[in-house]
Amino acid sequence: MPQQITINFQEIFTTQNILLYLLTINLFGFFIMWLDKRKAKKGAWRIPEKTLFIITALGGGIGTIAGMYTFRHKTQKINFVIGFPFITILEIVGIIYYFMTR
């Protein structure tokens with residue numbers, strides 16, 4: 001008879017782990033904006049725009065926005081200038097709503 005595996009999400013999703021995740025995804029978002037800008041300057045293969053939006057949607061909005069303006073990358077594209085902050089604001093509002101209704 002196979003053993004049943006139980007997962008305690010409260011042990012996994014601790015405040016420390018969530019903050020570590022957010023720090024990591026935002027540093028990665030910042031790095032990926034630098035990397036794409038570097039590749040653009042060299043005329044090399046580029047990171048798909050969809051990937052940049054996925055990183056933002058996974059919680060890396062602060063990092064991708066900071067990278068966008070630090071490296072002056074994608075600042076002329078309205079989809080990024082509006083899209084990155086919009087996604088980030090929606091996530092922040094969602095988090096605030098979650099904690100207020102908890």
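Mentor: Buried means under 20% relative accessible area, exposed means over 50%, and partly exposed lies in between, with a 1.4 Å probe and protein chains only. Accessible areas come from the Shrake-Rupley method with a 1.4 Å probe, and for residues only the protein chains shown count as cover. This model is predicted: local features need pLDDT of at least 70, side-chain atom pairs count only at pLDDT 80 or more, and totals for chains, interfaces and linings use all residues. Residues are numbered from 1 along each chain as its sequence is written, and side-chain values use heavy atoms, with hydrogens and water left out.

Trainee: Is Asp 36 buried or exposed?

Mentor: Asp 36 is one of the residues of H2 that are assigned to a class together, along with Ile 25, Asn 26, Gly 29, Ile 32, Met 33 and Leu 35. Helices (H or I, at least four residues) and strands (E, at least two) are DSSP runs, numbered from the N terminus. Because its relative accessibility is 0%, Asp 36 counts as buried.

Trainee: Which helices do the buried residues of H2 pack against?

Mentor: Packing is judged by contact, that is, heavy atoms within 4.5 Å. In general, an α-helix has 3.6 residues a turn, so residues three or four places apart point the same way. In H2, buried positions include Ile 25, Gly 29, Ile 32 and Asp 36. The helices that the buried residues of H2 pack against are H3 and H4.

Trainee: How far apart are the end C-alpha atoms of H2?

Mentor: The expected span of a helix is 1.5 Å times one less than its number of residues. H2 has 28 residues, so a span of 40 Å is expected. The distance in the model agrees with this, because the end C-alpha atoms of H2 are apart by 41 Å.

Trainee: Which residue forms a salt bridge with Asp 36?

Mentor: A salt bridge is a side-chain nitrogen of Lys or Arg within 4 Å of a carboxyl oxygen of Asp or Glu. The whole structure holds three of them. In this one, the N to O distance is 3.0 Å, and the pair links H2 with the loop between H2 and H3, ten residues apart. The partner is partly exposed at 32% relative accessibility, and its name is Arg 46.

Trainee: Which residues are linked in a network of salt bridges?

Mentor: Lys 74 and Glu 49 form one bridge, with their closest N and O atoms 3.2 Å apart. Lys 74 lies in the loop between H3 and H4 and Glu 49 in helix H3, so this pair ties together parts 25 residues apart in sequence. Glu 49 also meets Lys 77 in a salt bridge of 2.6 Å, N to O, and that pair spans 28 residues, with Lys 77 in the loop between H3 and H4. The network therefore consists of Glu 49, Lys 74 and Lys 77.

Trainee: Is Lys 74 buried or exposed?

Mentor: Two other residues of the network give a useful setting: Glu 49 is partly exposed at 31% relative accessibility, and Lys 77 is partly exposed at 39%. Lys 74 has a relative accessible area of 11%, and this residue is therefore buried.

Trainee: How many aromatic pairs does the structure hold?

Mentor: Rings of Phe, Tyr and Trp (its six-membered ring) pair if their centres lie within 6.5 Å; planes under 30 degrees apart count as stacked, over 60 as edge-to-face and the rest as tilted. By this rule, the number of aromatic pairs in the structure is seven.

Trainee: What is the angle between the planes of Phe 30 and Phe 71?

Mentor: Phe 30 is in helix H2 and Phe 71 in the loop between H3 and H4, 41 residues apart. Their ring centres are 5.0 Å apart and the pair is tilted, with an angle between the planes of 50°.

Trainee: Which residues do ring pairs link into a cluster?

Mentor: Phe 53 and Phe 84 form an edge-to-face pair, 5.1 Å centre to centre and 70° between the planes. This pair joins helix H3 to helix H4, across 31 residues. Phe 53 is partly exposed at 22%, whereas Phe 84 is buried at 0%. The cluster consists of Phe 53, Phe 80 and Phe 84.

Trainee: Which residues does Thr 88 touch, not counting residues up to four places away in sequence?

Mentor: Thr 88 is found in helix H4. At 10% relative accessibility, Thr 88 counts as buried. With that sequence limit, the residues touched by Thr 88 are Thr 56, Gly 61, Ile 62 and Ile 65.
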